[in-house]
Amino acid sequence: MKFERTLIEKIRQAQRIVFFTGAGVSQESGIPTFRDGPNSVWQHFDPEVYATVPGFDKNPTKVWEWYWERRQTFKALKPNAAHHVIAAWQEKIQKVTVITQNIDGFHQRAGSQSVIELHGSLAMDKCRANGHSFKHDGNSVFDEHPSCAECGSLLRPDVVWFGEALPDVAYYQAEMDCSNCDVLICIGCSMDIYPAANLPYTAIASGAYLIQINLNSTNLNEVANCNLRGKAGEIMPALWQAVYEN
Ligand code: APR
């Protein structure tokens, strides 16, 4: 796989790199993406039912069981080469931040230290009433109504559903990191979901060199400095080799 000289030099000279990732970075681990391809999540599950507050309130057991099944799936699968290369990059560059829309925890499992989870994490639950977060204790799918230890209200997965705001501290930190990076590498993001999709534009506006890795083209194509078309799990190891081993 050949890469442009400029791309290689930009990464070699970078002091601060942001990896901005979406479902595409976990696709080769076996986790379906949300919108593209025949197995995409929202083609099989109605987001109104499974990924909104009214949907949860209408049938908490159904939602809880769906996320329990996803938790089991994530546990059985593992990070792929893209996650591992991203984690390895923190040994090479002064400041590496991973900003992910994913809730699978695979960046952390691959060894990434500085991870901002914009859409929450399936490792956590939160109280439907007071919003306090708790580490998910793995309660079985038959524990249909796990409740808050503080107030007794229902627990829900601590993830961002449609119509909800992103965690403000996480988004603020993500904006700061995107405003102060030399290179932003956007991997496996459809760029359809805001406000997360604003972040690569923040980076460009701040003078960062923007690289996009995706199987398909997205709105970012016309503004990215470099578009690498293909699978993240193949491109990332090849990019590492081009930057550090050639
Ligand atoms: N390598 C690189 N890119 C890939 C790969 C791969 N192996 N497989 C799929 N892609 C790309 C697709 O072309 C698509 O652009 O990854 C992107 C996945 O898009 P989505 O399924 O929309 O996922 P994402 O962009 O993360 O969605 C954002 O939407 O539903 C919400 O909360 C959910 O976090 C999610 C958010």
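Two residues are in contact here when heavy atoms of each come within 4.5 Å. Keep that in mind for what follows, and remember that this is a predicted model.

**Helix α8 and what it leans on**

Let's start with helix α8, which covers residues 168–179. Its 12 residues reach 16 Å from the first C-alpha to the last, close to the 16 Å expected at 1.5 Å a residue. Which residues of α8 are buried? They are A170, Y171, A174, D177 and C178. Looking down the axis of α8, you'd find these buried residues within an arc of 125°, so they line one face of the helix. On the face turned away from that buried side sit the exposed residues D168 and V169.

What do the buried residues of α8 pack against? Their partners are the strands β1 (16–21), β2 (95–100), β3 (115–117) and β7 (183–187), plus helix α9 (199–205).

**Strand β7**

One of those partners, β7, is mostly covered, with 5 of its 5 residues buried. V183, I185 and I187 point one way from the strand, while L184 and C186 point the other way. β7 pairs with β1 in the parallel sense over 5 bridges, and F19 has I185 as its bridge partner. β7 also pairs with β8 in the parallel sense, again over 5 bridges. There, L184 is matched with L210 of β8.

**S206, after α9**

S206 is in the loop between α9 and β8 (209–214). Is S206 buried or partly exposed? It is partly exposed, with a relative accessible area of 37%. Leaving aside residues up to four places away in sequence, S206 touches C178 and S179; C178 is also one of the buried residues of α8. S206 and S179 are 27 residues apart in sequence, yet their C-alpha atoms are 5.4 Å apart in space.

**The open sheet β5-β4-β6**

Now for another part of the model. Three strands form an open sheet in the order β5-β4-β6, with antiparallel pairing. β5 (133–135) and β6 (155–159) stand at the edges with a single partner strand each, so one side of each has no neighbour in the sheet. Neighbouring strands here are turned by 45° against each other on average, direction ignored. Strand β4 (residues 120–127) is joined to the antiparallel β6 by 4 bridges, and K126 stands opposite R156 in β6. Helix α5 (residues 60–76) packs on this sheet, touching β4 and β6, and its direction makes about 150° with that of β4.

**R156 in β6**

R156 belongs to strand β6. How much of it is accessible? R156 has a relative accessible area of 3%, and since buried means under 20%, it counts as buried. Not counting residues up to four places away in sequence, R156 touches V53, F56, W64, D125, K126, R128, W161 and E164. Its side chain has a polar contact with the side chain of E164, and a polar atom of that R156 side chain also lies 2.6 Å from the backbone oxygen of V159.

Here are the polar distances for R156 and S206 side by side.

| Side chain | Partner | Distance |
|---|---|---|
| R156 | V159, backbone oxygen | 2.6 Å |
| R156 | E164, side chain | 2.8 Å |
| S206 | T202, backbone oxygen | 2.8 Å |

Conventions
Residues numbered from 1 in each chain as written. Predicted model: local features only at pLDDT ≥ 70, side-chain atom pairs only at ≥ 80, totals over all residues. Heavy atoms only, no water. Pairing = 2+ DSSP bridges. Helix = DSSP H or I, 4+ residues; strand = E, 2+ residues; numbered from the N terminus. Axes fitted to C-alpha atoms, helices over the stretch in contact; angles between N-to-C directions. Expected span 1.5 Å × (residues − 1). Buried < 20%, exposed > 50% of the residue type's maximum accessible area, 1.4 Å probe, protein only. Arc of directions from axis to C-beta. Polar contact = N/O pair within 3.5 Å; in protein donor to acceptor, adjacent residues only side chain to side chain.
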